Amino acid sequence: DVVVVGGGGAGLAAAVSAVQSGAESVIIVEKTDILGGDTNVNGGIYNTPDEDLQSKTEMTEGNKQQVEAALAETPVSDEHAALQAKVKEEYDAYLASGETGIFDSADWYALQTWNGGDKVANLTLVENMAEKAYSGYQWLEDLGATFKDSISQGPGSLYPRTHDTTTGLGAEFVDTYATYLQNNYGDNWKVYYGVTADELIVDDN
């Protein structure tokens with residue numbers, strides 16, 4: 001029913017999503033001889049706002065300066081201004097609450113990510129990613145991935161919202177996907193190794 005080109009982290013996530021959504025068979029075409037791609041070497045980190053864990057980690061002056069600097073920027077578009085306004089409202093409420101844990105939200109994650117990409121990305125897509133990041137984290141846990149009970153700021157990450165796998169290896173994500181597929185869908189999924197997809201062939205339908 002579904003052919004996935006590439007057996008990296010995104011491809012494996014797509015394969016799991018496909019069978020969970022009712023696909024009776026999934027084929028993964030992978031040009032190398034192993035699954036995982038870059039996910040094998042990503043350090044086993046997943047970034048998402050997490051109110052529970054972040055409340056246990058102190059908000060530093062440096063963190064506050066990051067937020068306030070982003071809010072002080074002159075907006076480059078109406079979309080930018082609207083997102084800044086949402087983050088400011090959330091940040092003001094955080095300051096008024098007297099909380100000492102790390103301030104974060106899907107809106108702040110989106111703003112920071114978009115700024116980090118030189119403000120050229122499709123902001124709607126960035127916001128969608130940020131809004132669904134936590135549910136993606138929960139999905140990974142449901143599949144069997146395990147994470148440390150603490151927040152860090154992983155390599156390349158912009159802010160302390162990193163969830164580290166218990167092994168500290170990106171390969172844990174790969175193993176999680178593959179094990180889940182094998183245990184739950186058995187022969188309904190198959191990987192063709194050493195195969196490059198060059199062309200999509202379609203019939204009249």
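**Exercise 1.** Work out how strand β2 is joined to β5 in this predicted model, and place the pair in its sheet.

*Solution.* Begin with strand β2 (residues 26-30), which runs parallel to β5 and is joined to it by 5 bridges; strands here are DSSP runs of E of at least two residues, helices are runs of H or I of at least four, both numbered from the N terminus, and two strands pair if DSSP finds at least two bridges between them. One bridge can be named, since Glu30 has Tyr193 of β5 as its partner. Next, widen the view to the open sheet of 3 strands, whose order is β1-β2-β5 with parallel pairing. Its edge strands, each pairing on one side only, are β1 (2-5) and β5 (189-193).

Residues are numbered from 1 along each chain as its sequence is written. Local features need pLDDT of at least 70 and side-chain atom pairs count only at pLDDT 80 or more, whereas totals for chains, interfaces and linings use all residues, and side-chain values use heavy atoms, with hydrogens and water left out.

**Exercise 2.** Locate Arg161 and decide whether Arg161 is buried or exposed.

*Solution.* First, find Arg161 in the loop between α6 (123-143) and β4 (162-164). Then apply the cut-offs, by which buried means under 20% relative accessible area, exposed over 50%, and partly exposed in between (1.4 Å probe, protein chains only); at 2% relative accessibility, Arg161 counts as buried. Finally, list its contacts (heavy atoms within 4.5 Å): leaving aside residues up to four places away in sequence, Arg161 touches residues including Tyr46, Asp104, Trp108 and Ser152.
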